[in-house]
Amino acid sequence: MTTFRDNGARPAADAADTHRPAVIVITDLVVVAKHLRLLEAAGRRGVTPLFVFGPETPGDELARHRRDPRHPLSRPADEDLRHVADTSLDTLLRAVAPWLRDRPVRAVLNVGEVFVEAAGALAQSLGLPGPGAHAARVCRNKLLQRLAAPALAPRWTLLDPARTPAADGWETYPAVLKPASRMSSSGVRAVAGPDAVPPLLPDYGPDELLLLEERITGREFSVETLVRDGAVLWAGITAKDTNESATSFFTETGHTSPAPHLTPAQERLLLDANAEFLHAVRFGTGMSHAEFRLTAEDRVVLMEAAARPPGDAITRLWRLATGMDLDAALLDLALGTEPSTAPPRRRARQVYLDHPRGLLADVTAEDVPVHWVGEQGRWPDLPPLVQDAPARAHAVLVSRSRGDLLGDLSDSRGRSVSVVLDGPLDSDLGTTTRDATARVTIHAAQPSPAETPEEALR
């Protein structure tokens with residue numbers, strides 16, 4: 001564990017700051033970049049944010065943003081940041097122990113996936129609001145999710161790498177092979193038959209739990225919820241797009257909040273299934289994000305669940321759709337108070353663009369601002385519009401950096417550029433989406449074969 005230091009660029013925390021109530025925010029740079037309104041929300045509530053950054057945060061990038069007086073992460077004192085080398089509970093405890101001894105910590109707020117378990121255990125041990133150690137553990141493991149809520153689960157088997165699926169008695173194809181504990185759709189592959197499984201196994205670690213599941217056909221949705229002491233205070237349904245129809249992958253390529261083309265009965269089925277899962281895992285307090293398939297027969301099947309805010313721009317979409325400040329809501333829940341909520345008044349969408357193969361050189365767009373969120377370490381604010389404002393594109397988001405190699409969209413980390421837009425609930429976002437994406441150009445340079453083998457592009 002390291003305490004962050006940056007050439008003494010900021011003064012140490014003064015005595016008044018060390019006596020203010022504090023919230024421990026556990027995260028990584030790529031995640032907190034879209035939750036920087038937390039600093040403003042903390043200031044309005046009279047609490048000091050103390051940051052723990054994990055191993056996915058490059059130290060040089062964090063230092064660069066800390067040196068930039070325009071970046072919100074330049075504000076916290078050096079004593080209020082920790083940068084740790086792994087996500088284990090022991091490492092987290094070593095990082096926060098001095099704060100717990102010397103500071104009045106009133107909340108623990110995790111806003112990323114990799115610290116879900118450790119943060120859940122920490123909050124529960126301190127008697128502070130959180131999802132609970134059990135819910136956090138289950139939400140990090142798809143096999144535990146199948147066991148906790150069997151009525152919502154697809155047919156599945158735990159794959160023994162030493163045996164063929166046929167030898168294990170599995171005869172349900174097409175199927176999906178997925179690791180139990182990865183995120184961002186990493187390692188999730190469609191398989192047409194038993195012969196397709198063995199060639200994929202070398203791509204997984206020797207100790208990984210591998211699930212082989214029936215492939216569920218139907219529309220995919222996520223349900224985002226704000227939960228306090230087990231009671232759902234607010235829930236919203238997001239429609240998903242993936243690249244599964246043209247590839248063997250399941251990378252998400254679009255989100256629409258709230259989901260269109262659902263009957264009230266179908267909405268109730270999804271919300272009831274989500275509530276059933278939260279009850280099954282004894283979810284306490286926080287924001288949850290669960291993904292479901294809805295079949296043509298209106299069967300609801302759980303794909304996976306997370307005890308954290310959703311990824312991509314979904315929190316931004318819900319802010320555009322409802323006007324809610326979800327960062328403030330997250331902080332209120334962590335502090336044990338009830339957040340302000342609101343129903344949707346508009347519909348918002350994020351769509352990822354196909355990109356050329358090669359090295360990312362530039363992204364240009366007509367009439368839509370381009371934000372290099374990966375390089376800048378921060379997302380644009382995107383304030384909500386009035387209810388009847390015309391549909392419009394708000395921003396082009398570039399999540400990769402110049403010089404990054406662009407290849408297949410085998411998982412979420414392979415994506416590069418997206419557009420965020422919104423409109424009235426009854427507007428045709430399809431037309432707005434086509435117009436906005438047509439105005440975006442992704443420029444890629446071709447690497448030499450000697451520098452970049454073809455395998456790197458796949």
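These are my notebook entries on a few sheets, helices and residues I looked up in this predicted model.

**Entry 1: a four-stranded sheet**

I started with an open sheet of four strands, which run in the order E6-E9-E7-E8 with antiparallel pairing. I then asked myself which strands sit at the edges. They are strand E6 (156-158) and strand E8 (189-191), each of which pairs on one side only. On average, neighbouring strands here are turned by 25 degrees against each other, direction ignored.

Next I followed E6 to its partner. Three bridges join E6 to strand E9 (residues 210-214), in the antiparallel sense. I noted one of the residue pairs: Leu-158 has Leu-211 in E9 as its bridge partner.

**Entry 2: Thr-157**

While I was on E6, I picked out Thr-157, which belongs to that strand. Is Thr-157 buried or exposed? I found a relative accessible area of 16%, and the cut-off for buried is under 20%, so Thr-157 counts as buried. Leaving aside residues up to four places away in sequence, I see Thr-157 touching Trp-170, Leu-210, Leu-211 and Leu-212.

**Entry 3: helix H9**

I checked the length of helix H9 (residues 264-280) against expectation. Its 17 residues, at 1.5 Å a residue, should span 24 Å, and the end C-alpha atoms are indeed 24 Å apart, so the two agree.

Then I wanted to know which residues of H9 are buried. My list reads Gln-266, Leu-270, Ala-273, Asn-274, Phe-277 and Leu-278. Looking down the axis of H9, I see these buried residues within an arc of 135 degrees, so they line one face of the helix. A reminder to myself: an α-helix has 3.6 residues a turn, so residues three or four places apart point the same way. On the other side of H9, I found Pro-264, Ala-265 and His-279 exposed.

What covers the buried residues of H9? The cover includes helix H8 (142-148) and the strands E10 (219-228), E11 (231-242), E13 (286-294) and E14 (300-306). Past the helix I stopped at Arg-282, which follows H9 and has a positive phi, near 60 degrees.

**Entry 4: Asp-325 and helix H11**

I looked up Asp-325 next and found it in the loop between helix H10 (314-322) and helix H11 (326-335). Its relative accessibility is 18%, so Asp-325 counts as buried. Beyond residues up to four places away in sequence, Asp-325 touches Arg-37 and Arg-44. With Arg-37 there is a polar contact, side chain to side chain, at 2.8 Å.

Which end of H11 does Asp-325 cap? I have it at the N-terminal end, where a side-chain oxygen of Asp-325 lies 3.2 Å from the backbone nitrogen of Asp-327.

H11 itself is mostly covered, with nine of its 10 residues buried. Among them I noted Leu-326, Asp-327, Leu-330, Asp-332 and Leu-333. Just after H11, I came to Gly-336, where phi is positive at about 85 degrees.

**Entry 5: strand E16 and its partners**

I also took one distance from Asp-325 to Val-363: C-alpha to C-alpha they are 29 Å apart, with their positions 38 residues apart in sequence numbering. That led me to strand E16 (residues 358-365), which pairs with strand E19 (residues 405-406) in the antiparallel sense over two bridges. In that pairing, Leu-359 stands opposite Leu-405 of E19.

How many bridges join E16 to strand E21 (residues 440-445)? I count six, again in the antiparallel sense. There I noted Asp-362, whose bridge partner in E21 is His-443.

Note on methods
Residues are numbered from 1 along each chain as its sequence is written. This is a predicted model: local features need pLDDT of at least 70, side-chain atom pairs count only at pLDDT 80 or more; totals for chains, interfaces and linings use all residues. Side-chain values use heavy atoms; hydrogens and water are left out. Two strands pair if DSSP finds at least two bridges between them. Axes are lines fitted to C-alpha atoms, for helices over the stretch in contact, and angles run from 0 to 180 degrees between N-to-C directions. The expected span of a helix is 1.5 Å times one less than its number of residues. Buried means under 20% relative accessible area, exposed over 50%, partly exposed in between (1.4 Å probe, protein chains only). The arc is that of the directions from the helix axis to the C-beta atoms. Contact means heavy atoms within 4.5 Å. A polar contact is a pair of N or O atoms within 3.5 Å; within protein, one must be able to donate a hydrogen and the other to accept it, and residues adjacent in sequence count only if both atoms are side-chain atoms.
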